[in-house]
Amino acid sequence: MSTAAESTALHAEIVEMLYANNRRSLMAAIVVMAALLLTQRHFIDHTILVIWTVIFLCAYGSRAYFSFLYYKDQQRALHSRRWLHWFRFTTGFCGLAWGLAGILLFPEAAPANQAFLIFALVGVSGAGIVIYSVDSLTTNLFTGGILLFMIPRFIAHGSSVSIALAVLFIVYVLYVTVAGHALAKSLRENISLRIASNLDNKKVHQLAYYDFLTNLPNRRLLSDRLQQAFARCARSQSYGAVLSLDLNNFKGLNDSKGHQAGDELLQQVATRLQQCLRKKDTIARMGGDEFIAVLDELGSDKTEAIKSAQVAAEKMMAVFSQAFQLQQSKYRTTPSIGICLFLGDDYSEAEVLRRADIAMYQAKKSDNLNSVEMYDEVLHPAVKTRATLETDLAFALQGNQLLLYFQVQVDETHQPIGAEVLLRWQHPTLGMIPPDQFIPISEETGEIVPIGQWVLQQACQQLRRWANAPLTRTLKLSVNVSAVQFNQPDFVQMVTDTVLQSGCDPRLLRLELTESLIVRNVEEIIGKIQALKALGMTFSLDDFGTGQSSLSVLKRLPLDELKIDKSFIKDILHNTYDTFIVETIINMAKNLGQTVIAEGVEMQPQKALLQTMGCHRFQGYLFSKPLPLEAFETSLQSELAVLVSSNDNLLNNGTTRAAGN
C-alpha cells in the first residue's frame with residue numbers, strides 16, 4: 001500500500017469480510033457439532049459430551065457476542081485493529097474447541113467413528129482456512145488449535161486406518177493452507193487495487209470539484225448545484241436566488257501584504273460564509289475573491305422571496321463586521337453583493353450568474369461600499385439583446401447565417417490527423433456571435449436539433465469531398481452533439497440516413513458527447529452509441545473532467561476517445577492540481593483502452609509535458625486557430641509542405657553523414 005489511508009481502508013475491509021462470514025460459519029459449526037454428538041453418543045461418556053458442548057458453546061457464543069458488538073460500533077472502520085484482535089482471539093478459542101473434540105470425542109473402540117471424527121474435523125479445518133484466508137494469523141490460530149490436540153491423540157491411540165487418515169489430514173491442511181495463502185494474497189491485491197482506485201477517484205473528485213484553497217465548491221460543482229436548485233424550484237414553483245459576493249480592494253491587500261495574507265483572508269471568509277447560510281444552501285468560490293451563494297425554495301411569493309434573499313445577503317454582510325486576523329495583525333474589509341432572483345428554470349445557468357454579476361458590479365459602483373443590489377433588468381439592455389438573439393436564431397439557418405469553422409487536430413509530430421467542426425453565427429447586424437452565447441439559447445429553444453442536423457450533413461458532405469484528395473482522405477472530422485439533440489427519439493436514424501446519403505466513410509466521422517449527457521439513461525445511451533458504432537463511426541467524450549461521470553458509468557460506455565478539457569490544460573505548467581488531474585485522466589483512458597486528446601494547447605511546453613504524460617493527440621492555438629474551410633485547406637497544404645521539407649532535410653542530413661562516414 002502506498003499511503004496510510006489505503007492501508008487503513010484495506011485493514012477495515014478485511015475485518016469487515018471476516019465478521020461478515022460469522023453467521024454462516026456459526027450455523028455450519030452447529031450442524032457439525034450436532035452430527036458429532038449424535039454419532040459419538042454411544043461411545044463417549046455423556047459427562048464428557050456435556051463438557052465439550054459447553055466449551056463449544058462458550059467459544060462460538062463469545063464470537064457471536066463480539067460480532068454483535070462489532071456491528072453496533074458506528075465507528076468500527078476506525079477501530080478495525082481492535083476488532084481484529086478480538087476476532088483472532090475468539091477464532092483461536094473456536095479452534096481449541098474443535099481440537100478438544102479430537103481428544104474428548106475420540107472413540108478408541110470404534111474405528112469407523114474415529115474416521116467420521118477425522119472427516120468432520122477435516123471439513124471444519126478446510127472451511128476455516130478458506131473463510132479466514134484473508135488473515136493468515138486467524139487461519140493459523142484456528143487450524144493450529146485443531147491440530148494441536150487432535151493429531152497426537154489419533155497417532156497415539158487410533159487404529160491404523162485412523163492414523164493414516166490423520167496423516168492425510170495433515171497433508172490436506174498443509175495443502176489447503178498454502179492454497180489459501182495464495183488466494184488471500186490475490187484477494188488482498190484486488191482489494192488494494194480497488195481501494196486505491198476509489199481513493200484516487202475521491203482525490204480527483206476533490207480536486208476537480210472543490211477549491212483547493214477554501215475547500216468550497218468550485219465553478220464546476222456550483223454548476224451542478226445550480227441545476228439542482230433550478231429543478232427543485234421548478235417542481236415547487238418557488239423562487240430561488242443567486243448571490244454574487246466580491247471583496248472590496250482585495251488587490252490592495254495582495255499588493256501590500258502579499259498573496260499569503262490574501263489566501264488567509266479568503267479561507268477565513270469562506271469559513272464565515274458557510275456558517276451564516278442554511279445547510280441546504282451552497283456557497284462556492286468562483287475564483288479570485290468572488291463567491292457565489294445559491295439559495296432555493298424561497299417561496300412562491302416574489303416579494304417574500306426578495307426579502308428572504310436580502311436577509312441572507314445581510315447575514316453574509318454581517319460576517320465582515322468583525323476584523324480578520326491575518327499574520328498577527330487585524331484586517332477589515334467589506335464586500336459588495338449582487339442578487340438575481342430566478343423562478344424555476346426560466347433562465348439558463350449562465351444567464352442567472354451573469355445577472356447576479358451585473359448586480360454585484362452595480363453595488364460596487366454605489367457610494368456605499370458594502371451595499372447589496374438586486375438585479376433590475378430595466379437597467380440592463382443586455383436582456384433585450386438576448387431576446388433579440390433568441391428571435392433571430394430561429395431564422396439563422398434559413399438565412400445562411402451559420403458558418404462552419406475547422407480546427408486541426410494533430411499527432412505528436414504535428415501531422416494533421418483530423419479536425420473539429422465548430423459552429424459560428426454571422427449575425428446580419430450584430431456581427432459574429434460567440435458560440436457560448438447562441439448555443440445555450442439554441443438548446444433552450446430547441447433550435448439546436450435542426451442546426452445540429454445541418455452541421456452533421458455539412459460534415460459528412462465535406463468528408464465525401466475530401467475522400468478524393470490524397471491530402472485529406474484520411475482526416476477524421478469530430479462533430480459536437482448536444483444532449484438535446486442526442487436525446488431525440490430519431491437521433492440514430494437521422495445520423496444513419498445522413499451518413500449513408502452523403503456517401504462518406506463513417507469511420508472518418510467522430511461524434512463528440514458531453515459528460516452532462518451520460519449521467520442519466522445510461523442503458524439508452526449505450527444502445528444508441530452501439531447502433532452507430534456498428535456503422536463504423538467513433539465516439540469521443542468532450543470536455544472530460546468538468547462533468548459528473550463516474551468510473552462505473554464511464555467503463556460501460558463504448559467510447560473511443562476522451563478529450564481533456566482546456567480548463568485543465570490552461571494552467572498545467574504551473575498548477576500541480578491540474579497536472580495531477582490530467583495525468584490521472586490519461587492513465588485512466590489507457591486502462592479503459594481509449595485514446596486521449598488534449599484541447600486548448602497553446603504553448604509548446606504544454607505539449608511537451610502532455611507528451612511525457614502519454615498524450616499524443618492535440619488541438620489548440622499552438623497548431624491553428626479555428627479557420628473557415630478554404631483557409632483550413634490552405635493551412636493543411638502549408639503544413640504538408642513544411643513536413644515534406646523537414647523530412648527532406650532529415651534525409652539529406654542522414655545521407656551527408658553516411659557519406660562522411
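Biologist: Nice to have this chain in front of us! How many aromatic pairs does the count come to?

Modeller: A word first: this is a predicted model, where local features need pLDDT (the predictor's confidence in each residue, from 0 to 100) of at least 70, side-chain atom pairs count only at pLDDT 80 or more, and totals for chains, interfaces and linings use all residues. Residues are numbered from 1 along each chain as its sequence is written, and side-chain values use heavy atoms, leaving out hydrogens and water. Rings of Phe, Tyr and Trp (its six-membered ring) pair if their centres lie within 6.5 Å; planes under 30 degrees apart are stacked, over 60 edge-to-face, and the rest tilted. By that rule the count is 22.

Biologist: Which kind of aromatic pair do Phe 486 and Phe 491 form?

Modeller: Their ring centres are 5.0 Å apart. The planes make an angle of 45 degrees, and the pair is classed as tilted.

Biologist: Are Phe 486 and Phe 491 buried or exposed?

Modeller: Buried means under 20% relative accessible area, exposed over 50%, and partly exposed in between, with a 1.4 Å probe and protein chains only. Phe 486 has 0% relative accessibility, so it counts as buried. Phe 491 comes to 2%, so this residue too is buried.

Biologist: Which residue has its charged end over the ring of Phe 486?

Modeller: A charge sits over a ring if NZ of Lys or CZ of Arg is within 6 Å of the ring centre and within 35 degrees of the ring normal. Arg 424 meets this over Tyr 405, at 5.5 Å from the ring centre. Over Phe 486, at 5.2 Å from the centre, sits the charged end of Lys 528.

Biologist: Let's move to another group of rings. Which residues do ring pairs link into a cluster?

Modeller: One member is Trp 83, placed in helix α4 (residues 80-104); helices (H or I, at least four residues) and strands (E, at least two) are DSSP runs, numbered from the N terminus. Trp 83 has 6% relative accessibility, so it is buried. Contact means heavy atoms within 4.5 Å, and beyond four places in sequence Trp 83 touches Val 15, Tyr 19, Phe 66, Leu 69, Tyr 70, Asp 73 and Arg 76. The full cluster is Tyr 19, Tyr 70, Tyr 71, Trp 83 and Phe 87.

Biologist: How far apart in space are Leu 18 and Asp 135?

Modeller: Leu 18 lies in helix α1 (residues 4-20) and, at 1% relative accessibility, is therefore buried. Beyond four places in sequence, its contacts include Leu 84, Phe 87, Ile 131 and Asp 135. Leu 18 and Asp 135 are 117 residues apart in sequence, yet C-alpha to C-alpha the separation is 8.4 Å.

Biologist: Which side chain makes a polar contact with that of Thr 214?

Modeller: Thr 214 is found in the loop between α7 (160-209) and α8 (219-236), and its relative accessible area is 10%, so it is buried. Leaving aside neighbours within four places, it is in contact with Leu 266, Gln 267, Ala 270 and Arg 285. A polar contact is a pair of N or O atoms within 3.5 Å; within protein, one must be able to donate a hydrogen and the other to accept it, and residues adjacent in sequence count only if both atoms are side-chain atoms. At 2.7 Å, the partner of Thr 214 is Asp 211.

Biologist: And which residue joins Ser 336 by a polar contact between side chains?

Modeller: Ser 336 is in strand β6 (residues 335-343), and its relative accessible area is 0%, so it is buried. Across 3.0 Å, its side chain meets that of Asn 248.

Biologist: How many ångströms does helix α10 reach from its first C-alpha to its last?

Modeller: Helix α10 covers residues 259-276, 18 in number, and among its buried residues are Leu 265, Leu 266 and Ala 270. The expected span is 1.5 Å times one less than the number of residues. That gives an expected 26 Å, and the helix is close to this, reaching 26 Å.

Biologist: Where does pLDDT stay under 50?

Modeller: The chain averages a pLDDT of 82, and 82% of the residues score at least 70. One stretch with zero contacts beyond four places in sequence has pLDDT under 50: residues 654-661.
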